[in-house]
Structure formats: structure tokens, C-alpha cells
Amino acid sequence: MTTRLYTHPIYLEHLTTPGHPERPDRLRAIERALDDEAFEMLDRAEAPMGDERTILYAHPESFVESVRRQVPEAGLARIDGDTTLSPKSWQAALTAIGAANAAVDDVFAGKADNVFVASRPPGHHAEKTTAMGFCLFNNAAIAARHAQRTHGAERVAIVDWDVHHGNGTQDIFWDDPSVLYCSTHQMPLFPGTGAKSETGVGNIVNAPLAPDTGSDHFREAFRSRVLPALDSFAPDLIIISAGFDAHHRDPLAEINLTEADFDWATGQLMDSAARHSSNRLVSLLEGGYDLHGLAFSVAAHVSRLMKG
Ligand SMILES: [Zn+2]
């Protein structure tokens with residue numbers, strides 16, 4: 001397997017309030033974890049700046065302009081209680097989108113079998129017209145539409161194993177049968193959406209997990225709901241909204257996964273990609289707030305992506 005990694009120093013310059021869990025140190029922890037000879041064969045590339053027009057694949061122009069207008073010249077601007085903008089946030093967000101789209105380009109051009117994007121800010125809580133939950137624009141949604149518009153993908157699946165429900169991705173694709181959205185997440189938990197009964201036009205598969213559950217429930221949700229949905233949908237591309245905050249060390253939730261579970265889930269999605277999408281798999285960092293849990297989990301995830 002050829003696995004590419006996209007990241008960029010600009011991601012460290014998207015700043016949040018002191019003590020905020022979604023902080024630049026997350027990417028420093030990932031960088032340290034991947035700075036090991038086990039990852040020597042990883043094809044490292046600098047994330048390109050995104051094309052602003054691609055944001056419109058998932059968000060209306062009025063919303064994009066309102067985010068742009070709120071970017072401060074100094075200090076921090078608050079979008080809501082936990083979502084902030086700093087002077088470099090626009091550039092960071094656009095480079096997160098650029099990396100996600102470039103990852104899609106790479107797997108369709110055969111330059112890589114799969115790609116991991118280590119970026120900030122994350123994206124899965126960003127709805128069509130609302131930035132929230134540390135997210136400005138929905139990177140995974142934009143990348144899915146980019147695959148459809150630029151590479152002729154008919155069906156794109158987004159699998160979201162972040163411990164929080166991706167309300168934004170669900171909102172954007174709620175009535176779009178060309179995109180399958182599958183999510184495992186703790187419930188109840190922020191943002192409150194993600195019940196099994198939320199099914200869109202049959203393209204939304206939510207698998208909520210009760211607090212204090214772990215590996216068994218997560219794997220069972222994958223086996224009984226996520227993987228069968230992928231098999232019947234037969235996607236041309238699989239995008240992972242890869243949050244690692246279901247790790248047992250994470251301070252924001254109460255699901256008890258270990259890095260072995262992320263290794264396993266990665267393998268399952270790679271098998272699915274081999275069956276349906278010529279291995280095309282793009283993984284985008286979402287959450288994960290315990291630096292050790294995040295580092296161990298990303299190492300297991302990327303290691304599996306490289307090994308197949
Ligand atoms: Zn999360």
C-alpha cells in the first residue's frame with residue numbers, strides 16, 4: 001500500500017482559548033508519533049492551500065463570507081462558546097480543505113492507495129450554515145463533493161468514528177442519496193443528534209453507543225450496521241472522519257476504545273475499500289484530545305493504512 005500523509009505548519013497557527021482541548025499540541029503529538037522508523041515509507045507531502053470555490057460545495061456563499069468577516073486581525077474572535085477564530089484561522093481552514101481535496105485527487109490518480117490528513121480545524125460539526133463544535137467548514141463533505149464533481153465518483157461513503165456525532169455532515173447530506181453517512185458515537189453527548197431514527201433518505205446510518213461501553217459494542221456496531229451499509233452502497237470512495245476521542249483516555253467522552261480498536265476498524269474499512277472502491281480511502285483527522293491517546297491511535301491507524 002502507498003500511504004500519503006498531508007500536514008502543514010499553518011495548522012499550528014489556528015489558535016483557540018487557553019486550556020481549550022482542540023489545540024495545536026494535538027498536531028505536535030501526531031508529528032512526534034509518526035517521527036519513527038516504522039513510518040519511513042510514509043509518503044509525506046505538504047498540504048496545499050485549497051480553492052475557496054470548493055467550500056461552496058457544502059456551504060452557501062453568505063455563510064462563507066460571514067466566517068471570513070469574523071476573522072480577527074489580532075487576538076481571538078468567538079463564533080460560539082467553544083469555536084474560535086484567530087488571525088491565521090482562515091488560511092488554516094483553507095489548507096485543511098486543500099489537503100482533503102488533494103487526498104481525493106491522489107487516490108483517484110493512483111498516486112496513493114490511501115491518505116491520512118493531519119489537519120486543524122476539524123470539520124464534522126460544521127453544518128451548511130453553522131460553524132460549531134471547534135469546526136469552521138466541513139472538510140469531509142467538501143472532499144466528498146469534490147470527488148463527485150472532479151473525478152466522476154457517483155457514490156461516496158463517509159464513515160465517522162469520532163466519539164461525537166457528525167451533525168454537520170448529516171445536515172449537508174440529509175437528502176442526498178449519492179452520499180452515505182455512517183457514524184458511531186456516544187449518545188447522549190454533544191451535539192445531541194445521531195439517533196438511530198435519523199436516516200435521511202435512507203443514506204444516514206447512525207449507531208449510537210452508550211457511555212462506558214467499549215470495544216465490543218463498537219465492533220458490533222461496525223459489523224452489524226456500518227459494514228453492511230457499505231456493502232449495499234458500494235461506494236467509489238470511502239472517506240473516514242477520523243476522530244480519536246472514543247479512546248479510553250480521552251477527557252471529552254466515556255467510550256473506552258484502545259488503539260487496537262482503531263487498528264481493527266481501519267482494517268475493516270480497507271477491506272471494504274478493496275471490495276468496492278479500488279482501495280481508495282481518505283482519512284481526515286477530526287477530534288482526539290488526550291495527547292497520548294491521540295498519538296497511539298494515529299500511529300495504529302496510519303500503520304494499518306500502510307500495511308493493508
Ligand atoms: Zn469528537
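This is a short chat about the zinc site and some aromatic pairs in a predicted model.

User: What coordinates the zinc ion here?

Analyst: In this predicted model, the zinc ion is coordinated by two Asp162 (OD) donors, His164 (ND1) and Asp245 (OD), at 1.9 to 2.7 Å.

User: And why is the arrangement irregular?

Analyst: The four donor atoms subtend angles of 53 to 155° around the zinc ion, which makes the arrangement irregular, because four donors count as tetrahedral if all angles lie between 85 and 135 degrees.

User: Where along the chain are aspartate 162 and aspartate 245?

Analyst: Aspartate 162 is in the loop between strand S6 (156-160) and helix H5 (167-173), while aspartate 245 is in the loop between strand S9 (237-242) and helix H7 (259-276), so the pair links distant parts of the chain, 83 residues apart.

User: Are those two buried or exposed?

Analyst: Both aspartate 162 and aspartate 245 are buried.

User: Switching topic, how many aromatic pairs are there?

Analyst: The count comes to eight aromatic pairs, including phenylalanine 63 with phenylalanine 137, which is edge-to-face at 5.9 Å centre to centre, with 85° between the planes.

User: Which parts does that pair tie together?

Analyst: Phenylalanine 63 lies in helix H2 (residues 61-70) and phenylalanine 137 in the loop between strand S5 (114-117) and helix H4 (139-151), so the pair ties together parts that are 74 residues apart in sequence.

User: Why does phenylalanine 63 count as buried?

Analyst: Phenylalanine 63 counts as buried because its relative accessibility is 7%, and buried means under 20%; phenylalanine 137 is buried as well, with a relative accessible area of 3%.

User: Which residues form one aromatic cluster?

Analyst: That cluster is formed by Phe63, Trp90 and Phe137.

Notes
Residues are numbered from 1 along each chain as its sequence is written. This is a predicted model: local features need pLDDT of at least 70, side-chain atom pairs count only at pLDDT 80 or more; totals for chains, interfaces and linings use all residues. Side-chain values use heavy atoms; hydrogens and water are left out. Donors are N, O and S atoms within 2.8 Å of the metal (3.2 Å for Na, K and Ca); water is not among the atoms, so sites may look incomplete. Four donors count as tetrahedral if all angles lie between 85 and 135 degrees; four count as square planar and six as octahedral if opposite donors are over 155 degrees apart and all others between 65 and 115; anything else is irregular. Helices (H or I, at least four residues) and strands (E, at least two) are DSSP runs, numbered from the N terminus. Buried means under 20% relative accessible area, exposed over 50%, partly exposed in between (1.4 Å probe, protein chains only). Rings of Phe, Tyr and Trp (its six-membered ring) pair if their centres lie within 6.5 Å; planes under 30 degrees apart count as stacked, over 60 as edge-to-face and the rest as tilted.
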